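Here are a few short exercises to work through with the model open in your viewer. Try each task on your own, then read the solution step by step.

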Amino acid sequence: MSIPAASTRPAAAEADPIDVLLAAGRLRRRAGALAASAAFGRRAMLKIKHDPKQLVDSAAIPILFTVLFTYLFGGAVSGSTSDYLKILLPGVLAMSIAIVTMYGGARLAQDVRSGAFDRFRGLPVWRGAFVLGGLLSDAARYLFASAIVVVLGALMGYRPDGGALGVLAAVALVVAFGLSLSLLWAALALVIHDPAVVISIANAVLMPLSFASNIFVQPSSMPGWLQAFVDVNPLSHVATAARDLMNDTGGAGGAVAWSLTATAVITLVCAPITLRLYSKQG
């Protein structure tokens, strides 16, 4: 009786998965733009676990400025802390979001320096997904900082005359402005590639804009030359728009229109530059 020869054909379980897919005619589809952007956004959010300073600053900045300035200068500026909160809180909302925008640029610069950026550019996804994903992560941080400001204000006695809709409109306006600044720092990060330098430059720009504004005091008490700067300071207009929306002062139209125009201009200028710099990297 003859013994059958052992089969030399590999078992089906050991077949290459790629060969199986090719044989079945089912190649994995390229990730869509939104799916890829969401994946990069999730990655940016997960990185906060390794760099919690971003989230700490998003909470500490609004808490520090709101509490400190309200109880130090509230009585002197407006006669009472409750009256001063109507002026200060919407301004701190705008300032807090503007200041934390620098961390998005620093994160991008770190990715460029670490080499992760080069690997991402080699993936078969839409080129802008990496930038858009970073903006989605930034938007989440800005909403977190906005919630801190609003909740803290409510605990301190602030009651917005514009109601919930006014607060939501102000938050939406400020977050949109913050995202336009994120594109500016992203373009800077793609040129400099050094997170510390990006943060230093952003601080050198944002700190004068924050304090030489109408956020803490009315510009009527300032020297003429400083009033002229405050009048053209975009952060002053965003703070005024947020103040009008939250307090329902009835004059929100002009400030809101100016803020939206500034947001659109910054976005239209910085978005193409950022994407062009992104494509030229490497």
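**Exercise 1.** Work out whether Phe-69 and Phe-216 are buried or exposed, and how their rings sit against each other.

*Solution.* Start with accessibility: in this predicted model, Phe-69 is buried, and Phe-216 is too. Next, look at the rings. Their centres are 4.3 Å apart with 25° between the planes, and this aromatic pair is stacked. The cut-off you need here is that planes under 30 degrees apart count as stacked. Now place the two residues along the chain. Phe-69 belongs to helix α3 (residues 53–78), while Phe-216 sits in the loop between α9 (195–211) and α10 (224–232), so the pair ties together parts that are 147 residues apart in sequence. Finally, look around the pair: ring pairs join Phe-69 and Phe-216 with Phe-65, Phe-73 and Phe-211 in a cluster.

**Exercise 2.** Classify the ring pair of Phe-40 and Phe-130, and say which helices it links.

*Solution.* First, the bookkeeping: there are 8 aromatic pairs. For Phe-40 and Phe-130, the ring centres are 5.3 Å apart and the planes stand at 90°, so you call this pair edge-to-face. Then locate them: Phe-40 is in helix α2 (residues 33–47) and Phe-130 is in helix α7 (residues 129–155), so the pair ties together parts 90 residues apart in sequence. As for accessibility, both Phe-40 and Phe-130 are buried.

**Exercise 3.** Describe how α4 packs with α5, then do the job again for α5 with α7.

*Solution.* A quick reminder: two packed helices are described by the angle between their axes and the distance between the axes.

- Take α4 (residues 81–100) and α5 (residues 102–114): the axes are 4 Å apart at an angle of about 10°. Angles under 35 degrees count as roughly parallel, and α4 and α5 are therefore roughly parallel to each other.
- Who touches whom? Ala-98, Ile-99 and Val-100 of α4 meet Met-102, Tyr-103 and Gly-104 of α5. Sorted by class, that contact has 5 nonpolar residues, 1 polar and no charged ones.
- Now α5 and α7: their axes come within 10 Å and cross at roughly 140°. The two helices are therefore oblique to each other, and their crossing is right-handed.
- On the α5 side, the contact uses Tyr-103, Gly-104, Arg-107, Leu-108 and Asp-111; on the α7 side, Phe-130, Gly-134, Ser-137, Asp-138 and Arg-141. Sort these by class and you get 3 nonpolar, 3 polar and 4 charged residues.

Notice Phe-130 again: besides pairing with Phe-40, Phe-130 takes part in the contact of α7 with α5.

**Exercise 4.** Find where Pro-62 sits and which residues it contacts.

*Solution.* Pro-62 is in helix α3. Its relative accessibility is 1%, so Pro-62 counts as buried. Skip the neighbours within four places in sequence, and Pro-62 is in contact with Asp-57, Val-92, Ser-96, Ala-145, Ile-148, Val-149 and Leu-152. For a sense of distance, take Ile-99: Pro-62 and Ile-99 are 37 residues apart in sequence, and their C-alpha atoms are 10.0 Å apart in space.

**Exercise 5.** Step back: how many helices and strands are there in the chain?

*Solution.* Count the elements and you get 12 helices and 0 strands. Then check burial: 45% of the 282 residues in the chain are buried. Last, of the contacts with a separation of 6 or more, 78% are between residues 24 or more positions apart.

Key:
Residues are numbered from 1 along each chain as its sequence is written. This is a predicted model: local features need pLDDT of at least 70, side-chain atom pairs count only at pLDDT 80 or more; totals for chains, interfaces and linings use all residues. Side-chain values use heavy atoms; hydrogens and water are left out. Rings of Phe, Tyr and Trp (its six-membered ring) pair if their centres lie within 6.5 Å; planes under 30 degrees apart count as stacked, over 60 as edge-to-face and the rest as tilted. Buried means under 20% relative accessible area, exposed over 50%, partly exposed in between (1.4 Å probe, protein chains only). Axes are lines fitted to C-alpha atoms, for helices over the stretch in contact, and angles run from 0 to 180 degrees between N-to-C directions. Angles under 35 degrees count as roughly parallel, over 145 as roughly antiparallel, 65 to 115 as roughly perpendicular and the rest as oblique. Contact means heavy atoms within 4.5 Å. Ala, Val, Leu, Ile, Met, Phe, Trp, Tyr, Cys and Pro count as nonpolar, Asp, Glu, Lys and Arg as charged, and the others, Gly among them, as polar. A crossing is left-handed if the near helix is turned anticlockwise from the far one by less than a right angle, and right-handed if clockwise.
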